[in-house]
Structure formats: structure tokens, C-alpha cells
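Hi,

Here is the structure I said I would pass on. Have a look at it first, and then read my notes below.

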Amino acid sequence: MSLRLETVTPDNVSAACALRVEPWQEKFVAPVAESLAEAYTQPAAAWPRLVYDDDRLVAFLMGCFDPDAPFDFFRCGIWRLNVAAGHQRGGYGRFAVEQFCAEARRRGQNRITVLWVPDPDGPERFYLGLGFTPTGQTFHGETVAERFLD
């Protein structure tokens, strides 16, 4: 396994937009094309990246770095994580989160956040396993969680 993050470019944007999660996960995360449209409207804050395993596109991550965001949980956090159908449990999500943490550290941040839809089939267990802790806040019905970086 040779994992790496890549920026979204004209050469890979079509493949990025074609990435699909498992059908039962669609209610938990927006399609990549919608995320890229949001990133386009917020270029100073959005940090979209693709995860490749060798030459295979296996995941999409979009984080944000916006020190002026009105809500503290949108100042440095993961907005989206889409692992391609058939590629869950391969370490790709963990890799993406750890790469986001490395970028946050590089930018001098010591706390990252994530929001998730509370549901038994949702990503809560995944994020808790990566060291995120719910803050007790919710935003539009989603759980707000944080992880402090060492």
C-alpha cells in the first residue's frame, strides 16, 4: 500500500466526481461534486484532497482552515470524508484524517473538529476510534467533536 494525498486538478477532477460511497452511506455525506462546488466558493478556507493508493483513487477529504469562522468548530476541521465503495476498512479514512492532522499542525493548530450525523450506522465509532470526543454541542442536528493534537 502506497498512500498519498493529491490536490484536485483538471486531470483528476472527473475521477473525483465519480467517487461514490456505499449506497447506505449516502445519507451521511455529500457527493464529492457538491463538496468541490462548496470548495470553489470558499477557496481561502476549503482544503480538498484526494487519497490515492498507488494509482487508485480511494477517498476524498475536505477540510477547512478558517481562523475567522463565526463558529469555532469551523475554524480547523474536517468537513467531508468519502471513502470509495469497496474500500472501507482499508485504512484510507484513518490515513486521510492523520494527513489532515499533519496539515493542521503545520499551520500551528492544536485542535481539529468534525461533525457527524448521529445514527447507529454513521461514522461516530470511526471518529471516536481516532481520538475525537464529542463537545456536547450540536449543529443542525449533527454532533460536534474535537481532537486535540500533540
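**The largest pocket**

Sorted by class, the residues lining the largest pocket are 21 nonpolar, nine polar and seven charged. Before going further, please keep in mind that this is a predicted model.

That pocket holds about 1,100 Å³ of space. Its lining is made up of 37 residues, and the ones nearest the centre are Leu-81, Gly-122, Pro-123, Phe-126 and Tyr-127. If you want to find the walls, look at strand E4 (76–83), helix H3 (92–106), strand E5 (111–116) and helix H4 (124–129), each of which supplies at least two lining residues. Which of them gives the largest share of the lining? That would be E4, with six residues.

**The nonpolar cores**

Next, the inside. The largest nonpolar core has 25 residues, and those touching the most other members are Ile-78, Val-97, Phe-100, Ile-112, Tyr-127 and Phe-132. Two or more residues of this core come from each of E2, E3, E4, H3 and E5. The top contributor is H3, which gives seven residues. Tyr-127 is worth clicking on, as this residue is listed among those nearest the centre of the largest pocket and also among the core residues that touch the most other members.

Phe-100 is a good place to see how the core is put together. Leaving out neighbours within four places in sequence, Phe-100 is in contact with Trp-47, Leu-61, Gly-63, Cys-64, Phe-65, Cys-76, Gly-77, Ile-78 and Ile-112. There is also a second, separate core, this one of 12 residues, including Ala-16, Leu-50, Leu-57 and Met-62.

**A buried arginine and a buried asparagine**

Is Arg-147 buried or exposed? With a relative accessible area of 12%, Arg-147 falls under the 20% cut-off and so counts as buried. You will find Arg-147 in strand E7, where its side chain makes a polar contact of 2.9 Å with the side chain of Glu-98. Beyond its neighbours within four places in sequence, Arg-147 has quite a list of contacts, among them Val-97, Glu-98, Arg-105, Ile-112 and Phe-132. Three of those names should look familiar: Val-97, Ile-112 and Phe-132 are core residues from the section above.

Asn-12 is buried too, at 9% relative accessible area. Asn-12 sits in the loop between strand E1 (3–6) and helix H1 (13–18). A polar atom of the Asn-12 side chain lies 2.7 Å from the backbone nitrogen of Thr-9. With neighbours within four places in sequence set aside, Asn-12 is in contact with Thr-7, Leu-50 and Tyr-52. Of these, Leu-50 belongs to the second core.

**Two residues with positive phi**

A bit of background: most residues other than glycine have a negative phi. Against that, two loop residues caught my eye.

- Asp-54 is not a glycine, yet has a positive phi of about 55°. Asp-54 lies in the loop between strand E2 (46–53) and strand E3 (56–65), and is partly exposed at 44% relative accessible area.
- His-140 is not a glycine either, and has a positive phi of about 50°. His-140 belongs to the loop between strand E6 (133–139) and strand E7 (142–148), and is exposed, with a relative accessible area of 71%.

**Arg-20 and Asp-68**

Two more loop residues to finish with. Arg-20 is in the loop between H1 and helix H2 (32–41) and is partly exposed, with a relative accessible area of 48%. The Arg-20 side chain reaches the backbone oxygen of Cys-17 at 2.7 Å. Not counting residues up to four places away in sequence, Arg-20 touches Val-83, Ala-84 and Ala-85. Val-83 is the last residue of strand E4 (76–83). For a sense of distance, Arg-20 and Gly-136 are 31 Å apart, C-alpha to C-alpha, and 116 residues apart in sequence.

Asp-68 is in the loop between E3 and E4. Its relative accessibility is 69%, over the 50% cut-off, so Asp-68 counts as exposed. How far are the C-alpha atoms of Asp-68 and Phe-126 separated? By 28 Å, with the two positions 58 residues apart along the chain. Phe-126 is one of the residues nearest the centre of the largest pocket.

Cheers

How values were computed. Residues are numbered from 1 along each chain as its sequence is written. This is a predicted model: local features need pLDDT of at least 70, side-chain atom pairs count only at pLDDT 80 or more; totals for chains, interfaces and linings use all residues. Side-chain values use heavy atoms; hydrogens and water are left out. Helices (H or I, at least four residues) and strands (E, at least two) are DSSP runs, numbered from the N terminus. Buried means under 20% relative accessible area, exposed over 50%, partly exposed in between (1.4 Å probe, protein chains only). A polar contact is a pair of N or O atoms within 3.5 Å; within protein, one must be able to donate a hydrogen and the other to accept it, and residues adjacent in sequence count only if both atoms are side-chain atoms. Contact means heavy atoms within 4.5 Å. On a 1 Å grid over the protein atoms alone, a cavity is a set of points where a 1.4 Å probe fits but cannot get out, and a pocket is an open set with protein on both sides within 12 Å along at least five of seven lines; lining residues have an atom within 4 Å of a point. Grid points are joined across faces, edges and corners, and a volume is the space filled by probe spheres set on the points. Ala, Val, Leu, Ile, Met, Phe, Trp, Tyr, Cys and Pro count as nonpolar, Asp, Glu, Lys and Arg as charged, and the others, Gly among them, as polar. A nonpolar core is a set of buried Ala, Val, Leu, Ile, Met, Phe, Trp, Tyr and Cys residues joined through side-chain atoms within 4.5 Å.
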